[in-house]
Amino acid sequence: MIAFVRGRVAAVGLTSAVLEVGGVGLELQCTPDTIAGLRVGSEVRLPTSMVVREDSLTLFGFVDDDEKQMFELVQTASGVGPKLAQAMLAVHRPEALRRAVGSDDVKTLTTVPGIGQKGAQRIILELRDRIGVPTTTVSPSRPGAPATHDWQSQVQAGLVGLGWSVKEADQAVGYVTPQAEQMATPDVATLLRAALRTLSKA
């Protein structure tokens, strides 16, 4: 098990980042919040979780230990694998997931692509006693997020990477454009979350 990695950010994509560790480039699958805080050339330490499959080894990177622990916890629920766990954290922060499970909020969980009403009810039933109690109401903005002048293409590519069609992604980008225009600097992670919620309601 690789608990964390420390190294220089060599590349940042829409759903992954490459860290140079001891001369080796490690690709980490990351949530929007994690990606938003990375800058090429900076030195970072990211908690990680390794998923081992018969034909692959996938390393997931997280902004903090809380996000990592939530990623691993939700996978203990029936029917939740790494991809769905990552989608849950792409749409909701850990505190929001705790609130949803703790308050039997099926509607919030079904905003995640791939989770229907029955799936949400099963997740709540299986995790309610283990997920913990929310400690904050809103997660603070994280400093150091890179400015973006092309948020539309980044959000679109992120949605396509999560399984939506290009047409659906374009529609979602249109829905969140008014929100982006109200931001001094468009926050790709926030806009991606909003776009995912919009698609889930459609």
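**Exercise 1. Aromatic pairs**

Work out how many aromatic pairs the model holds, and describe each by its distance and angle.

*Solution.* The structure is a predicted model, in which local features need pLDDT of at least 70, side-chain atom pairs count only at pLDDT 80 or more, and totals for chains, interfaces and linings use all residues. Residues are numbered from 1 along each chain as its sequence is written, and side-chain values use heavy atoms, with hydrogens and water left out.

Step 1 is the rule: rings of Phe, Tyr and Trp (its six-membered ring) pair if their centres lie within 6.5 Å, and planes under 30 degrees apart count as stacked, over 60 as edge-to-face and the rest as tilted. By this rule the count comes to two aromatic pairs.

Step 2 takes phenylalanine 60 and phenylalanine 71, whose ring centres are 4.8 Å apart and whose planes stand at 40°, so the pair is tilted. This pair links distant parts of the chain, since phenylalanine 60 belongs to strand β5 (residues 56–61) and phenylalanine 71 to helix α2, eleven residues apart. Helices (H or I, at least four residues) and strands (E, at least two) are DSSP runs, numbered from the N terminus.

Step 3 takes phenylalanine 62 and phenylalanine 71, an aromatic pair that is also tilted, with 4.9 Å from centre to centre and 45° between the planes. Ring pairs thus link Phe60, Phe62 and Phe71 into a cluster.

**Exercise 2. Buried or exposed?**

Decide for each ring of the cluster whether phenylalanine 60, phenylalanine 62 and phenylalanine 71 are buried or exposed.

*Solution.* Step 1 is the scale: buried means under 20% relative accessible area, exposed over 50%, and partly exposed in between (1.4 Å probe, protein chains only).

Step 2 applies it: phenylalanine 60 has a relative accessible area of 6% and is therefore buried. Phenylalanine 62, at 2% relative accessibility, counts as buried, and phenylalanine 71, at 0%, counts as buried as well.

**Exercise 3. The second largest pocket**

Find which residues lie nearest the centre of the second largest pocket, and which element gives the largest share of its lining.

*Solution.* Step 1 is the term: on a 1 Å grid over the protein atoms alone, a pocket is an open set of points where a 1.4 Å probe fits, with protein on both sides within 12 Å along at least five of seven lines, and lining residues have an atom within 4 Å of a point. Grid points are joined across faces, edges and corners, and a volume is the space filled by probe spheres set on the points.

Step 2 gives the pocket: about 260 Å³ of space lies in it, and 18 residues line it, of which Gln29, Phe60, Lys83, Gln86 and Leu162 lie nearest its centre. The elements that give two or more residues to this lining are β3 (24–30), β4 (43–53), β5, α3 and α7, while the largest share, four residues, comes from α3.

Step 3 looks at glutamine 86, which is found in helix α3 and, at 13% relative accessibility, counts as buried. Leaving aside neighbours within four places in sequence, glutamine 86 is in contact (heavy atoms within 4.5 Å) with Thr15, Gln29, Cys30, Thr31, Phe60 and Phe71.

**Exercise 4. The nonpolar cores**

Find which residues touch the most other members of the largest nonpolar core.

*Solution.* Step 1 is the term: a nonpolar core is a set of buried Ala, Val, Leu, Ile, Met, Phe, Trp, Tyr and Cys residues joined through side-chain atoms within 4.5 Å.

Step 2 gives the result: of the 44 residues in the largest nonpolar core, Val155 and Leu159 touch the most other members. The elements that give two or more residues to this core include α6 (117–127), α7 (151–161), α8 (166–181) and α9 (188–201). Apart from this core lies another, of eleven residues, among them Val5, Val9, Leu19 and Val44.

Step 3 turns to valine 155, which touches Val173, Val188, Leu191, Leu192 and Ala195, not counting residues up to four places away in sequence.

**Exercise 5. A positive phi**

State what the phi of aspartate 104 is near, and where aspartate 104 is found.

*Solution.* Step 1 recalls that most residues other than glycine have a negative phi.

Step 2 gives the value: phi of aspartate 104 is near 55°, a positive value in a residue other than glycine. Aspartate 104 is found in the loop between α4 and α5 and is partly exposed, with a relative accessible area of 43%.
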